[in-house]
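Q: I'm new to this structure and would like a close look at one part of it. Please start with a single residue and the company it keeps, then work outwards so I can see where it sits in the whole thing.

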Amino acid sequence: MENKNVMVKQIQNAFSLEVLAGKDELHRTIDKAQVRRPGLEFLNHFDFIATGHVQILGRNEISYLHTLDEDEARHRIGNMVTYDPPCVIITSNQEEPDGLLTYCGEARIPVLRTPDSMTEFVQKLNGFLVKNLAEEIAIHGVCVNVSGIGVLLRGKSGVGKSETAHTLIGRGHRLVSDDIVVIRKLSPQTLLGTHDGSNKEFLALRSVGLLNVVRMYGRTSFQEETRLTLDIELIEWQKDALNNELEVDMKYKEYMGVSIPHIQIQLQPGRDVAGLIEAAANNWYLRMQGYSAAEEFRHRLEEAFHDEEE
């Protein structure tokens, strides 16, 4: 899979950063999701420090540089530049220390500034980089958010995925993506479902055409992304299958090494598929809270059996 990267220009636009130096170098790319605060870099050169990370200068770092004379400050800044940061960002609208713009300019490293505090900005930037640098795949399906639970709907073409999503929207749930779902791996346990940009807010219904759900049903009918929690596959009705289990054994579907619960829902004329999806989502939530309806039912049967014996 091709390595992903983000241009400095993208974070400059995303966070409205002021460009102090290197405005012609904003095409530089970032491929590391975690930013760094220069600590050891300011003290001396250490071979084990990772290169290529965005460097963030907070109040402690800027105050330290302001205490140094010009030659010493230049030396410390040189240590940081050795690790080839794609850019340097000053937080809290602080005044840049002597030599920083000159040295970074010579090294063709952009210097930017934000009014946000160190803590606030690092959290926002790390989240932005994690999402934009995450490993991703695109699959055919529909992604919806049902009562706060991200659901991926899959099935053969024409099985009714988009129509089911439309019914769910009418019940107050939200569309994330129709037809093409982009799945991003944010961590070994977390998948994010989103659109590919071109299909944002659109839902295609056979015999009706393309709908813009936001224009038709309002902003609450759509959201940009959701954590994927359930994988639901719509399949044709199987008349000989056992469909009355007290509790279905949980199966899983794997995407990029991350497993999420997988459920099959059989289709039949007149069956409330949207209602079954709501039930599946709510039942999964209760399971995560430690509750099992089947366990409670068995417990009641056992109590009734003991009462009869007495």
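A: Let's start with Phe 121. Its relative accessibility is 0%, so it counts as buried, the cut-off being under 20%. Keep in mind as you look that this is a predicted model.

Now for the rings. The structure holds two aromatic pairs. In one of them, Phe 121 meets Phe 15 edge-to-face, with the centres 5.5 Å apart and 75° between the planes. Phe 15 is in the loop between helix H1 (8–14) and strand E2 (18–21), while Phe 121 belongs to helix H6 (residues 118–133), so this pair ties together parts that are 106 residues apart in sequence. Phe 15 also pairs with Phe 128, again edge-to-face, at 5.5 Å centre to centre and with 70° between the planes. Phe 128 is in helix H6 and Phe 15 is in the loop between H1 and E2, so here the parts tied together are 113 residues apart in sequence. Is Phe 128 buried or exposed? It's buried, with a relative accessible area of 18%. Put the three together, and Phe 15, Phe 121 and Phe 128 make one aromatic cluster.

Moving along the chain, have a look at helix H7 (residues 161–170). Its buried residues are Lys 161, Ser 162, Thr 164, Ala 165, Leu 168 and Ile 169. These cover an arc of only 155° around the axis, which puts them on the same side of H7. Just after H7 comes Gly 172, which takes a positive phi of about 100°.

Next up are the strands. Strand E9 (residues 174–187) pairs with E10 in the antiparallel sense, over five bridges, and the two form a hairpin with two residues between them. To find one of the bridges, look for Ile 183, whose partner in E10 is Gly 193. E10 also pairs with strand E13 (residues 225–236), antiparallel again, this time over three bridges. There, Leu 192 has Arg 227 in E13 as its bridge partner.

Why is E10 largely enclosed by the rest of the structure? Five of the five residues of this strand (residues 190–194) are buried, so that's how it ends up enclosed. Both faces are covered: Thr 190, Leu 192 and Thr 194 are buried on one side, and Leu 191 and Gly 193 on the other.

Finally, zoom out. The protein's secondary structure comes to 10 helices and 15 strands, and buried residues make up 44% of its 310 residues. Its radius of gyration is 26 Å, whereas a compact globule of 310 residues would have one near 19 Å. Along the principal axes, the C-alpha atoms fill a box of roughly 90 × 60 × 35 Å. Of the contacts between residues at least 6 apart in sequence, 69% join residues at least 24 apart.

And how sure is the predictor? The mean pLDDT is 88, and 91% of the residues reach 70 or more. Confidence is highest in strand E8 (residues 149–155), with a mean of 97, and lowest in helix H2 (residues 40–43), with a mean of 54.

How values were computed: Residues numbered from 1 in each chain as written. Predicted model: local features only at pLDDT ≥ 70, side-chain atom pairs only at ≥ 80, totals over all residues. Heavy atoms only, no water. Buried < 20%, exposed > 50% of the residue type's maximum accessible area, 1.4 Å probe, protein only. Helix = DSSP H or I, 4+ residues; strand = E, 2+ residues; numbered from the N terminus. Pairing = 2+ DSSP bridges. pLDDT = per-residue confidence, 0-100. Phe/Tyr/Trp six-rings, centres within 6.5 Å; stacked < 30°, edge-to-face > 60°. Arc of directions from axis to C-beta. Rg over C-alpha atoms; globule rule 2.2 N^0.38 Å. Contact = heavy atoms within 4.5 Å.
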